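Here's a quick tour of some backbone oddities in a chain you may be working with. Have the sequence and the 3D view open as you read.

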Amino acid sequence: MNIFKIIDEIQQVDGDAVERLQHATRRSFMTKFSRSMAAAAVPTAMAAVFNKAYAFTPGAIDVLKFALTLEYLERDFYDMGNKSGVVKDPYKAVFQQIGKHEYQHVEFLKTALGIKDESMKPKFDFTQKGALDPFTNFDTFVFLSHAFEDTGVRAYKGQAGNLMAKEDEPLLDYALQIHSVEARHAAKAREILSMIRNKPEIKPWITRDEGSPAAVYAGEGNTVQGGVDITGIGGKSLDAVTEAFDEPLTKDQVLAIAMPFIA
Amino acid sequence: MNKTTKELLPANTSEENPVLDVVNRRFFLRSAGLAAATGAFVMQSCIKDHDLGPNGAVNLGTGDVGILNYAYALEQLEAAFYIQVMTTPFVGMTDKERRFLTDIRDHEVIHREFFKAALGAAAIKGLSPNFTTIDFNSRASVLGTAKVFEDTGVSAYNGAGILLENPVYLLLAGKIVSVEARHASIIRDLLNPNTPDFAGDDIIDGNGLDLLKRPSQVLPAVAPFIYDTIDASGLPKP
């Protein structure tokens, strides 16, 4: 569903539609669409918001679609993994919880985009034509999990700046709220990878640009923040300085990472 | 440069006594010089914004500067907490806990020093933390408090996003909030290992969304941990 096409069509029958769109207040949207709202009420609320003539910018719609692609990838990955039996004790509850959140993120983004079916979902091949064995080898499963989560964190971070228009304000809130959930997932997935590989140097946070696949961690060794080189700040090590700041990825960088998993 | 920085900022000054507010002069000057050269940190001069108010309250200021000072205040609190945690480790701290808590302490000190350098003359003063309710000998008290601080930090950065106008600062907040979320996740996992608690249903809602709180909700929650009174009246409103 293209929200702008709909608005165009409304405009054809109602010449004042655009002007009235501009009168929709942010406050009424924010009140209607607050976090405290029950999940089940979302579709209704979204519809109500649309009835109030509220629209997001085209740039924001692109962000939502991009995010939905990534969430589909994560949702299907955990869905298949959790059903496959590859997840070992004592980690089953962890990956069930992550899978639940990815499912919720997909539903939430679909609602925001007004999508009811799975037509936007790519077909995934998590084995890369048989080269990987994530659903029979727990190490591979956790390895891909940590890479997907760290990529997700970097992907949302890279899009925040595209949600700064006033009319997109609710979306910036939501994007940030998903972003930090992905970061919680990433930290725990990394901790599990560290445990099963017996490698304490794999920390819940990203040290320099260390990690594999390299493309997922490219640029994480950055020490320039807001134009200032913070190397040695507070007398702290380079490891700590780079761990203290997560870095964004561009949409193209993220898609290049995801592409090998899209059939 | 690293070596020089370390020498100028001995571990037993700002770390153990954050309130002393030791400034690494060389770093500060270097930052200021770079900022002037790049223009990245040219902020509105608002000396009067952070003057103490009539009741001695610490005024965070207005606009983006106000939000950065808000973040700086929270980072001061977190840094001071973890410095104390690692100065007087609780009984029975495991190697894993020691590694994680030491790293987290370093990250929070880096965040604190970063905001201080970034804000320059617009920075609020060093705040006086009040940790009298925390039993630093107790694992439950320390990790329980850490959980509250980290979850609060995540909710605060999430809620500050829409209040920022400069995309550079929004990105910076994004770079920091995910590290706070990593901390929150792993502290929660130390308390309840390998359960859903790292991203528990007590904080993540039915849409898979994390906590989000505006400054007006966060500041009263952290007020008991700070002796100073904070005046947030100038902050942007949602």
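What follows is a short rundown of unusual peptide bonds and backbone angles. Keep in mind that this is a predicted model. Two spots have a cis peptide bond, one joining A:Asp89 and A:Pro90 and another joining A:Ser212 and A:Pro213. Two other residues, A:Lys129 and A:Arg208, have a positive phi without being glycine.

**Cis peptide bonds**

- Take the bond between A:Asp89 and A:Pro90: its omega comes out at about 5 degrees.
- To find A:Pro90, look in the loop of chain A that runs between α5 (58-84) and α6 (92-113).
- For the bond between A:Ser212 and A:Pro213, omega is about 0 degrees.
- A:Pro213 sits in the chain A loop between α8 (169-196) and α9 (214-217).

**Positive phi at A:Lys129**

- A:Lys129 isn't a glycine, yet its phi is positive, at about 60 degrees.
- You'll find A:Lys129 in the loop linking α6 and α7 (138-159) of chain A.
- A:Lys129 counts as exposed because it has 8 C-beta neighbours inside 10 Å, and the cut-off for exposed is 12 or fewer.

**Positive phi at A:Arg208**

- A:Arg208 is another non-glycine residue with a positive phi, here near 45 degrees.
- Its place is the loop between α8 and α9 of chain A, and A:Pro213 lies in the loop between those helices too.
- A:Arg208 has 15 C-beta neighbours inside 10 Å, so it counts as partly exposed.

Technical notes
Residues are numbered from 1 along each chain as its sequence is written. Chains are lettered from A and ligands numbered from 1 in the order in which they are written. This is a predicted model: local features need pLDDT of at least 70, side-chain atom pairs count only at pLDDT 80 or more; totals for chains, interfaces and linings use all residues. Helices (H or I, at least four residues) and strands (E, at least two) are DSSP runs, numbered from the N terminus. A residue is buried if 20 or more other C-beta atoms lie within 10 Å of its own, exposed if 12 or fewer, and partly exposed in between; C-beta atoms are placed from the backbone.
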